[in-house]
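Visitor: Hello! I am new to this structure and would like a close look at a single part of it, with the rest filled in around that part. Could you take me there step by step?

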Amino acid sequence: MSYVIAEIGINHNGDIDLAKELIDMAHNSGCDAVKFQKRDVESVYSTEELDKPRESPWGTTTREQKHGIEFNIVEYKELEEYTNEKGLDFIVSCWDMVSLELVEEHLDVKYHKVASAMATDKEFLEALNNSGKPVILSVGMCTDEEVDAAVDILDNVKYILACTSTYPTKLEEVNLNYITTLKEKYPNLSVGFSNHYNGFAALMGATALGS
């Protein structure tokens, strides 16, 4: 049985109407869920990085750009309700402890999605255990040892996703055989595929390999 997640991430550009349009597109395409990303800007980025000049529709610094594309928790609640009305599951990738605490307090996500960049943060993974929610673990930037460590820490991994963390992924970088490797290594977990390749070829190949 397939479970298809439409990655919205931060592609809404901080526009809640655009976010709802993307949810509509996911619904009309037959997806099962949508996934957003949540960051506490001051936690994720250094002051030095945030103070750098950066021209954008939101201002002239990186800080203004990063804040401009982030929804607050009230907006996320509105999007969760809209998603559920469409019959889709609502999922959020949290990138820091502040965001995780906000999501846990105010939302009822179907899964917690662990971005590969967070897969080595032991404190974060242990906090996910405390949530009691099932977890989707993406391992695009992880070594084999880091994947093992994350799986050992996490209590409730539902899916583990093969992934190449380049945007967009080149054909020669897709490495679909890693799906088979994960299936052999973690026979008790459902193995999926997180796609960063343009087009459908990688998805069809992943499906053929049993993701």
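Visitor: Which residues does Leu 154 touch, not counting residues up to four places away in sequence?

Guide: Gladly, and please keep in mind that this is a predicted model. Leu 154 touches Leu 125, Leu 128, Asn 129, Val 135 and Leu 137, once residues up to four places away in sequence are set aside. To find Leu 154 on the chain, look at the loop between helix H8 (144–153) and E8. Although it sits in a loop, Leu 154 counts as buried, because its relative accessibility is 5% and buried means under 20%. For a sense of distance, take Gly 210, which is 56 residues from Leu 154 along the chain; the C-alpha atoms of the two are separated by 24 Å.

One of the partners of Leu 154 leads us onward: Leu 137. Leu 137 is also among the residues with the most contacts inside the largest nonpolar core, together with Val 34, Phe 36, Phe 90 and Ile 160. That core has 51 residues. Apart from it lies another core, of six residues, including Ile 91, Tyr 111, Tyr 159 and Leu 161.

Let us follow Phe 90 next. Leaving aside its neighbours within four places in sequence, Phe 90 is in contact with Val 34 and Phe 36, and also with Tyr 76, Leu 79, Glu 80, Thr 83, Asn 84, Leu 107, Val 109 and Lys 110. Thr 83, from that list, belongs to helix H5 (residues 73–85). With a relative accessible area of 0%, Thr 83 is buried. Its own contacts, not counting residues up to four places away in sequence, are Ile 23, Val 34, Leu 88, Asp 89 and Phe 90.

Helix H5 also holds Val 74, and here the surroundings change. Val 74 is exposed, with a relative accessible area of 62%, whereas Thr 83 is buried. Val 74 and His 106 are 32 residues apart in sequence, yet their C-alpha atoms are 8.5 Å apart in space.

Now back to Leu 154 and onward along the chain. Past the loop that holds Leu 154 comes strand E8, which covers 157–163 and is followed by a loop that runs to helix H9 (177–185). Pro 168 is placed in that loop, and the peptide bond from Tyr 167 to Pro 168 is cis, with omega near -15°. Asn 175 has its place in the loop between E8 and H9 as well. Its phi is near 55°, a positive value in a residue other than glycine. Asn 175 is partly exposed, at a relative accessible area of 48%.

You can find another positive phi, again near 55° and in a residue other than glycine, at Asn 13. That residue lies in the loop between strand E1 (5–9) and helix H1 (16–28), and its relative accessibility of 42% makes it partly exposed.

Further along the chain is strand E9 (residues 190–194), where Gly 192 lies. Gly 192 counts as buried, at 9% relative accessibility. Aside from neighbours within four places in sequence, it is in contact with Ile 160, Leu 161, Ala 162, Ile 179 and Ser 211. Two of these names may be familiar: Ile 160 was listed for the core of 51 residues, and Leu 161 for the core of six. Leu 209 is 17 residues from Gly 192 along the chain, and 9.8 Å separates their C-alpha atoms.

There is also some empty space to visit. The structure holds one cavity of 30 Å³ or more, and the volume of the largest cavity is about 30 Å³. Its lining is made up of Thr 164, Thr 169, Val 174, Phe 193, Asn 195, His 196, Tyr 197 and Ala 202. These residues divide into four nonpolar, four polar and no charged.

Finally, let us step back to the whole protein. It has 10 helices and nine strands, and 45% of its 211 residues count as buried. Its C-alpha atoms fill a box of roughly 50 × 35 × 35 Å along the principal axes. A compact globule with 211 residues would have a radius of gyration near 17 Å, and the protein has 17 Å, so the two agree. Of the contacts with a separation of 6 or more, 61% come from residues 24 or more positions apart.

Notes. Residues numbered from 1 in each chain as written. Predicted model: local features only at pLDDT ≥ 70, side-chain atom pairs only at ≥ 80, totals over all residues. Heavy atoms only, no water. 1 Å grid on protein atoms, 1.4 Å probe; cavity = no way out; pocket = protein on both sides within 12 Å on 5 of 7 lines; lining within 4 Å. Points joined across faces, edges and corners; volume = space filled by probe spheres on them. Nonpolar A, V, L, I, M, F, W, Y, C, P; charged D, E, K, R; others polar. Core = buried A, V, L, I, M, F, W, Y, C linked by side-chain atoms within 4.5 Å. Buried < 20%, exposed > 50% of the residue type's maximum accessible area, 1.4 Å probe, protein only. Contact = heavy atoms within 4.5 Å. Helix = DSSP H or I, 4+ residues; strand = E, 2+ residues; numbered from the N terminus. Rg over C-alpha atoms; globule rule 2.2 N^0.38 Å.
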